[in-house]
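Open the model in your viewer and keep the selection tool handy. We'll go stop by stop.

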Amino acid sequence: MTRHGPVLPLWLCETCDRPWPCAIRREELLDEYADSSFTLAVYLGTLLVSAERDMSWAPPDALRLRFLGWLP
């Protein structure tokens with residue numbers, strides 16, 4: 001179980017206080033979804049929609065990069 005979950009509604013990492021998903025959580029997610037990158041993209045896309053609602057003030061392109069831009 002990760003200790004790098006999001007603190008809502010600002011979507012900051014509960015452990016390292018960086019924008020979520022932080023670098024550690026990204027690595028964990030890549031490991032967890034190693035056999036299904038499509039499922040990981042769908043999961044993060046769903047979270048992106050929630051984050052866009054919570055942080056309506058944030059630029060949409062920045063959130064898209066934060067949630068999906070790091071995927072291989």
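Is Tyr-43 buried, partly exposed or exposed? Select Tyr-43: at 32% relative accessibility, it counts as partly exposed (buried means under 20% relative accessible area, exposed over 50%, partly exposed in between, with a 1.4 Å probe and protein chains only).

A word on what you're viewing: this is a predicted model, where local features need pLDDT of at least 70, side-chain atom pairs count only at pLDDT 80 or more, and totals for chains, interfaces and linings use all residues. Residues are numbered from 1 along each chain as its sequence is written, and side-chain values use heavy atoms, with hydrogens and water left out.

Next, add Tyr-33, partly exposed at 23%. The ring centres of Tyr-33 and Tyr-43 are 5.9 Å apart and the planes are at 20 degrees, so this pair is stacked (rings of Phe, Tyr and Trp, the latter by its six-membered ring, pair if their centres lie within 6.5 Å; planes under 30 degrees apart are stacked, over 60 edge-to-face, the rest tilted).

Now jump to Trp-20 and Phe-67, both buried. Their centres sit 6.1 Å apart with planes at 55 degrees, so call this pair tilted. Add Trp-11 and you have one aromatic cluster of Trp-11, Trp-20 and Phe-67.

Last stop: show Ala-41, Leu-44 and Leu-48, among the H2 residues that meet H3, where Leu-63 and Phe-67 are among the partners (contact means heavy atoms within 4.5 Å; helices are DSSP runs of H or I with at least four residues, numbered from the N terminus).

Terms used: Helix = DSSP H or I, 4+ residues; strand = E, 2+ residues; numbered from the N terminus.
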